Amino acid sequence: MAASSYLNSAPLIWSFARGGQKDVVKLTDAVPSRCADLLAQSLVDVALVPVIEYQRISDVHLVPDVCVGSSEAVRSVVLATRVPDLRDIRSVALDESSRTSSLLVKVIFREFIKSEPQWIPAQPDLQRMLVENDAALIIGDPGMTFARDGLRVFDMASLWREHTGLGFVFAMWMIREQAAAATRTIDFKAACEEGLKHTQQIIDYYEPFLGLPRSELQTYLTKNITFFLDAELRAGLNLYYELAHKHGLIESVKPLQFI
């Protein structure tokens with residue numbers, strides 16, 4: 001099993017790392033894009049993967065009920081720029097650890113802003129990203145902690161809701177079809193519920209690393225991030241896939257198939 005150690009995935013993996021299901025699986029820590037590669041290469045049977053990879057990796061099913069999503073502002077997936085108007089942005093540096101979010105930025109610019117900047121893959125170093133680019137996409141914990149002085153910061157989930165009226169799903173557990181039977185003993189929803197019961201312990205762990213007030217971390221885990229897949233988030237996910245296909249970012253749209 002592979003998953004990132006970002007704060008936004010902590011409740012989903014708590015049970016497997018420290019809780020009641022820690023002896024059920026072997027957990028590998030990797031950034032989201034690497035989790036997708038491990039799953040695609042059959043190096044793991046289960047991974048918490050950027051949702052766009054469901055359309056790219058063959059023979060995988062989605063785990064129902066749980067996700068990393070946001071119904072309003074996500075806070076940890078942001079576009080930072082010194083340009084006053086999004087329509088004037090000519091180049092965007094894209095965090096290489098992101099795939100769903102990088103494609104989301106492209107969908108929003110093409111579908112809603114009616115603009116096509118140059119897209120530049122980059123390491124998640126905001127200062128370097130903005131040296132030669134008008135804007136930078138930053139995700140995960142780095143997206144919460146950079147200095148915002150002199151910058152306009154656009155929350156990507158908020159932009160998505162502004163234009164669609166829907167929430168957005170960033171990542172979901174995916175299981176290789178061949179491993180479906182062997183992973184039936186894993187209870188992902190119960191794992192998430194257990195993790196959320198340990199929110200304070202999670203905050204204890206992340207507070208010194210992120211340097212953010214406990215109140216902000218509490219709000220992030222209980223309001224910014226949505227961990228359960230509801231009908232609105234599912235509708236947002238389907239629309240995301242449809243628009244990605246419309247704009248030639250994926251070859252086809254595979255219907256949602258849950259384990």
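Biologist: In this structure, how many bridges join S6 to S10, and do the two strands run parallel or antiparallel?

Modeller: This is a predicted model, and in it 4 bridges join S6 to S10, with the two strands running antiparallel. Two strands pair if there are at least two bridges between them, so S6 and S10, with their 4 bridges, count as paired. One of the places where they face each other is Leu79, which stands opposite Phe154 in S10.

Biologist: How do you know that S6 also pairs with S9?

Modeller: The reasoning repeats: 5 bridges join strand S6 (residues 77-81) to strand S9 (residues 135-139), and since at least two are needed, these strands pair as well. They run antiparallel. Along this border Thr81 stands opposite Ala135 in S9, while the bridge partner of Leu79 in S9 is Leu137.

Biologist: In what order do the strands of this sheet lie, and what makes S8 and S10 its edges?

Modeller: The open sheet is built from 5 strands in the order S8-S7-S9-S6-S10, and the pairing is mixed. Strand S8 (118-122) and strand S10 (152-155) each have a single partner strand, so one side of each is left without a neighbour in the sheet, and that is what puts them at the edges. From one strand to the next, the twist averages 25 degrees.

Biologist: Why is S6 described as largely enclosed by the rest of the structure?

Modeller: A residue is called buried when its relative accessible area is under 20%, and 5 of the 5 residues of S6 meet that test, so the strand is largely enclosed by the rest of the structure. In a regular strand the side chains alternate between the two faces of the sheet. In S6, Val77, Leu79 and Thr81 point one way and Val78 and Ala80 the other way, and all are buried.

Biologist: Which helix lies across S6, S9 and S10, and at what angle do the axes of H3 and H6 cross?

Modeller: Helix H6 (residues 156-164) lies across those three strands and runs at about 65 degrees to S10. Its axis and that of helix H3 (residues 100-113) come within 11 Å and cross at roughly 35 degrees, and the crossing is left-handed. The contact is made by Leu104, Val105, Val107, Ile108 and Phe112 of H3 together with Met156, Leu159, Trp160, His163 and Thr164 of H6. Sorted by class, this contact has 8 nonpolar, 2 polar and no charged residues.

Biologist: What makes the pair of Glu53 and Arg99 a salt bridge?

Modeller: The cut-off is a side-chain nitrogen within 4 Å of a carboxyl oxygen, and the side chains of Glu53 and Arg99 meet at 3.8 Å, N to O, so the pair qualifies. Glu53 sits in the loop between strand S3 (46-50) and S4, and Arg99 in the loop between strand S7 (91-95) and H3, so that the pair links distant parts of the chain, 46 residues apart. With a relative accessible area of 6%, which is under 20%, Glu53 is buried, whereas Arg99, at 23%, counts as partly exposed.

Biologist: How do you know that Asp204 and Arg214 form a salt bridge, and what makes each of them partly exposed?

Modeller: Their closest N and O atoms are 2.7 Å apart, and this is within 4 Å, so the pair counts as a salt bridge. Asp204 lies in helix H8 (residues 199-210) and Arg214 in helix H9 (residues 214-224), so the pair ties together parts that are 10 residues apart in sequence. Partly exposed covers the range between the 20% and 50% limits, and Asp204 at 45% and Arg214 at 30% therefore both earn the term.

Biologist: Why is Asp65 called partly exposed, and which residues is it in contact with beyond its neighbours within four places in sequence?

Modeller: Asp65, in the loop between strand S4 (60-62) and strand S5 (66-70), has a relative accessibility of 37%, which is neither under 20% nor over 50%, so it counts as partly exposed. Leaving those sequence neighbours aside, Asp65 is in contact with Lys189, Phe227, Phe228 and Leu229.

Notes. Residues are numbered from 1 along each chain as its sequence is written. This is a predicted model: local features need pLDDT of at least 70, side-chain atom pairs count only at pLDDT 80 or more; totals for chains, interfaces and linings use all residues. Side-chain values use heavy atoms; hydrogens and water are left out. Buried means under 20% relative accessible area, exposed over 50%, partly exposed in between (1.4 Å probe, protein chains only). Contact means heavy atoms within 4.5 Å. Axes are lines fitted to C-alpha atoms, for helices over the stretch in contact, and angles run from 0 to 180 degrees between N-to-C directions. A crossing is left-handed if the near helix is turned anticlockwise from the far one by less than a right angle, and right-handed if clockwise. Ala, Val, Leu, Ile, Met, Phe, Trp, Tyr, Cys and Pro count as nonpolar, Asp, Glu, Lys and Arg as charged, and the others, Gly among them, as polar.
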